[in-house]
Amino acid sequence: MIRVADIPDLRRQVSGWRAQGLRTALVPTMGNLHAGHLALVRSARELAGRVVVSIFVNPLQFGPSEDFAAYPRTLERDAEQLAALGADLLFVPTVDGMYPRGQADHTRVEVPGLSDILCGASRPGHFVGVATVVCKLLNLVQPDLALFGEKDFQQLLVIRRMVEDLCLPVAIHGLPTVREADGLAMSSRNVYLQPAERALAPGLYRALLRAAERLSGGAAVVEVEAQGYAELAAGGLEPEYLSVRRACDLGPPGAEDLDLVVLAAARLGRARLIDNCRVRLDD
Ligand code: AMP
């Protein structure tokens, strides 16, 4: 596996592959890799001749009081795991390399509407930071496909919308959430959980599953949301939201909408956990 930090080196490498007609996949990450990330890389390996993984803790998507400085960085261990899976290139740009004129004056990519609700409401600017960095990474690597996790469901929709609106020539693949044995969605930020908090954390997914069951049983959306929120609080989490939305665009579901998703965010100690559960009412 080649490790590249400089943008010109990256461009040289990927344009060489393109000239050979090789199909390239990109898996963007912020590192501290776990089985969820590795599933994306494995899938990329199956779908493309060359696999690029980026590890970049993107300051533009962190709020001023968020954990940019503390975000877990485990580059050498990550690189070993990626090499073992057969990734071809690990791209590890620096903050200066990505934002040479600083972050404040950098061109931004905004997906309006979708970026302002749910997680976007409590993390202003977050999805602008995500869309901007993903757009840059797609332009740098020019992959045929890029893979993302459904764990970050709103992020996946923001990226799909950006790719569609800006006519970026890449196929976006969304992959199912990889979970611990007790249901907790894997996340780099789970390392923030103290043992007692870790024991409570699976309550988030359990509340989502129950909400999904109630929806399938015909319960009204407002009741499902209120009950789910109360269950999170009763389970020792500090819920930010538990919301039932249309899966296609995260709009409020109407009676005719059958493809839904229940999304939730909750604080638990230092960690902010997010998760979601898809519900298809026609099944
Ligand atoms: P991150 O490093 O947290 O920015 O995540 C990089 C990519 O991995 C994103 O596309 C995430 O949605 C995806 N991802 C994170 N956690 C999981 C998980 N538990 N299962 C599947 N994909 C995940």
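## Around the ligand

In this predicted model, 16 residues surround the ligand, and those that come nearest are M30, H37, D152, V178 and M186. By residue class, the shell around the ligand splits into seven nonpolar, seven polar and two charged residues.

Which elements give two or more residues to that shell? They are β2 (24–29), α2 (35–47) and β5 (145–149). Helix α2 supplies the largest share, with three residues.

## Polar atoms facing the ligand

Three of the nearest residues, M30, D152 and V178, are worth a look at the atom level. For D152, an N or O atom of the side chain sits 2.6 Å from an oxygen atom of the ligand. M30 brings a backbone N or O atom to 2.9 Å from a ligand oxygen atom. V178 also uses a backbone N or O atom, and here the partner is a nitrogen atom of the ligand at 2.8 Å.

How much of the ligand does the protein bury? Taken alone, the ligand exposes 490 Å², and 92% of that is buried by the protein.

## Helix α2 and its neighbour α3

Helix α2, which gives three residues to the ligand shell, also packs with another helix. Its axis and that of helix α3 (residues 75–85) come within 10 Å and cross at roughly 30°. The angle is under 35 degrees, so α2 counts as roughly parallel to α3. As for handedness, α2 passes α3 in a right-handed crossing.

## The α9 and α10 pair

Now for a second helix pair. Helix α9 covers residues 203–216 and helix α10 covers residues 221–234. Their axes lie 9 Å apart, and the two pack at an angle of about 160°.

Are α9 and α10 roughly parallel or roughly antiparallel to each other? With an angle over 145 degrees, they are therefore roughly antiparallel. Their crossing is right-handed.

Terms used. Residues are numbered from 1 along each chain as its sequence is written. This is a predicted model: local features need pLDDT of at least 70, side-chain atom pairs count only at pLDDT 80 or more; totals for chains, interfaces and linings use all residues. Side-chain values use heavy atoms; hydrogens and water are left out. A residue is near a molecule or strand if one of its heavy atoms lies within 4 Å of it. A polar contact is a pair of N or O atoms within 3.5 Å; within protein, one must be able to donate a hydrogen and the other to accept it, and residues adjacent in sequence count only if both atoms are side-chain atoms. Accessible areas come from the Shrake-Rupley method with a 1.4 Å probe; for residues, only the protein chains shown count as cover. Helices (H or I, at least four residues) and strands (E, at least two) are DSSP runs, numbered from the N terminus. Ala, Val, Leu, Ile, Met, Phe, Trp, Tyr, Cys and Pro count as nonpolar, Asp, Glu, Lys and Arg as charged, and the others, Gly among them, as polar. Axes are lines fitted to C-alpha atoms, for helices over the stretch in contact, and angles run from 0 to 180 degrees between N-to-C directions. Angles under 35 degrees count as roughly parallel, over 145 as roughly antiparallel, 65 to 115 as roughly perpendicular and the rest as oblique. A crossing is left-handed if the near helix is turned anticlockwise from the far one by less than a right angle, and right-handed if clockwise.
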